[in-house]
Amino acid sequence: MFKHEYADVNNIRLHYVTAGSGELIIFLHGFPEFWYEWKNQLAEFGRDYQAVAPDMRGYNLSAKPAEVEQYRMKYLVEDIRALAEHIGRKKFVLVAHDWGGGVAWPFAMRHPDYLDKLIIINAPHPFTFVRELRDNPAQRKASQYILVHRTPDAEELLARNNYAVLVNSLLEDGLKQGYFTEEDRKAYIEAWSQPGALTGGLNYYRAAHLGPFTGESDEFLSADPSLFTVKVPTLVIWGEKDRYLLTGNLEGLENYVSNLIIKRIPDGSHWVIHEKPALVNSYIREFIEG
């Protein structure tokens, strides 16, 4: 049974969905998704945990600050800390995909005391991602969409023909193969159609200064590695057929994560959560209960 709730935290209102009771697991979605990305996990883990999936700021039914500055990492991290406090927990498991992982990695660096365990699905550690953007031409090419997402025309491009670009990227294969339904398509289009929601999601890219696109990568990569160390027990699940985030992002990850398990899914894509929910759930459960 999914319950829809709201939390007034960090000067904004966050919408979140909660299922079950017990120890807390928070699930963070990526772009261009919303809480619904985790519906299979809410059903599974809501049986014996309190499973919570927020709409992150800028998305669906959560607040959508107008200023790009409001999507800086410090605000995104604080949203999650404040949401956990609102729910009444000082300790939880954090599971995240894509941009959700972009927030979860820094959260684990800054607030390790809040986390029992960290689970990342196809979301690169910031250090390895910047390194790959600098050193790996294939990753640079795969990341060209980031530049498009920063342009003033991005909203119009993504909304065109009833969100055809987003439907094609996220949903098309699943609609053909049966792991997405027409009901899912309607739910996503409704979320993308919320006033300001496309801009909110795109503002994550606009607020982030990533790698060689700005010439700041060398300065970033010469910073003290201890600033990027994650001491929380961490599971990384990676669909190896990800067209956007290549497997080079896993190389050397153990240098920044002291307690690390990597589960590679050779035939999984960036959307492996949807393609193989039972396998992803089994890896998550094995890790948090192990």
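At what angle do helix α7 (residues 154-177) and helix α8 (residues 182-192) pack, and how far apart are their axes? The legends below, written for a predicted model, take up this question and then turn to other close-up views.

**View 1. Helix α7 packs with helix α8.** In this predicted model, the two helices pack at an angle of about 150 degrees, and their axes are 11 Å apart. Because angles over 145 degrees count as roughly antiparallel, α7 is described as roughly antiparallel to α8. Where the helices pass each other, α7 makes a right-handed crossing with α8. The residues that meet in this contact are N162, Y163, L166, V167, L170, L171 and L175 on the α7 side, and E182, R185, Y188, I189 and W192 on the α8 side.

**View 2. Helix α7 also packs with helix α9 (residues 197-207).** Here the angle is about 125 degrees, with the axes of the two helices 10 Å apart, and this angle makes α7 oblique to α9. The contact brings together A154, E155, L158, A159, Y163 and L166 from α7 with L198, T199, L202 and R206 from α9. As α7 passes α9, the crossing is right-handed.

**View 3. Y163 is a residue of helix α7 with a positive phi.** Most residues other than glycine have a negative phi, and most peptide bonds are trans. Y163, which is not a glycine, has a phi near 65 degrees, and its place is within helix α7. With a relative accessibility of 11%, Y163 counts as buried, because the cut-off for buried is under 20% relative accessible area. Y163 is among the α7 residues that meet α8, and Y163 also takes part in the contact between α7 and α9.

**View 4. Eight strands form an open sheet.** Strands of a sheet pair through backbone hydrogen bonds, either parallel or antiparallel. In this sheet the pairing is mixed, and the order of the strands is β1-β2-β4-β3-β5-β6-β7-β8. The strands at the edges are β1 (3-9) and β8 (260-265), and each has a single partner strand, so one side of each is left without a neighbour in the sheet. On average, and with direction ignored, neighbouring strands of this sheet are turned by 20 degrees against each other.

**View 5. Strand β6 (residues 115-121) pairs with β5 and with β7.** On one hand, strand β5 (residues 92-97) is joined to β6 by 6 bridges, and these strands run parallel, with A96 standing opposite I120 of β6. On the other hand, 4 bridges join β6 to strand β7 (residues 234-239), again in the parallel sense, and here I121 stands opposite I237 of β7. Strand β6 is mostly covered, since 6 of its 7 residues are buried. Beyond this strand, β7 pairs with β8 over 6 bridges in the parallel sense, and the bridge partner of L235 in β8 is I261.

**View 6. Helix α3 (residues 99-110) lies between β5 and β6 in a β-α-β unit.** Together, β5, α3 and β6 make a unit that is right-handed. The loop between β5 and α3 holds D98, a residue that is not a glycine and yet has a positive phi of about 55 degrees. D98 has a relative accessible area of 10% and is therefore buried.

**View 7. Helix α4 (residues 126-135) is largely enclosed by the rest of the structure.** This description follows because 7 of the 10 residues of α4 are buried. The buried residues are F127, T128, F129, V130, R131, E132 and L133, so the list includes R131 and E132 as well as F127 and F129.

**View 8. A cis peptide bond joins F31 and P32.** For this bond, omega is about 0 degrees, and P32 is placed in the loop between β3 and α1 (39-45).

**View 9. N281 in helix α12 (residues 277-289) is a buried residue.** The relative accessibility of N281 is 9%, and N281 therefore counts as buried. When residues up to four places away in sequence are not counted, N281 touches N40, Q41, E44 and F45.

Notes:
Residues are numbered from 1 along each chain as its sequence is written. This is a predicted model: local features need pLDDT of at least 70, side-chain atom pairs count only at pLDDT 80 or more; totals for chains, interfaces and linings use all residues. Side-chain values use heavy atoms; hydrogens and water are left out. Buried means under 20% relative accessible area, exposed over 50%, partly exposed in between (1.4 Å probe, protein chains only). Two strands pair if DSSP finds at least two bridges between them. A crossover is right-handed if, with the strands pointing away from the viewer, the path from the first strand over the helix to the second runs clockwise. Axes are lines fitted to C-alpha atoms, for helices over the stretch in contact, and angles run from 0 to 180 degrees between N-to-C directions. Angles under 35 degrees count as roughly parallel, over 145 as roughly antiparallel, 65 to 115 as roughly perpendicular and the rest as oblique. A crossing is left-handed if the near helix is turned anticlockwise from the far one by less than a right angle, and right-handed if clockwise. Contact means heavy atoms within 4.5 Å.
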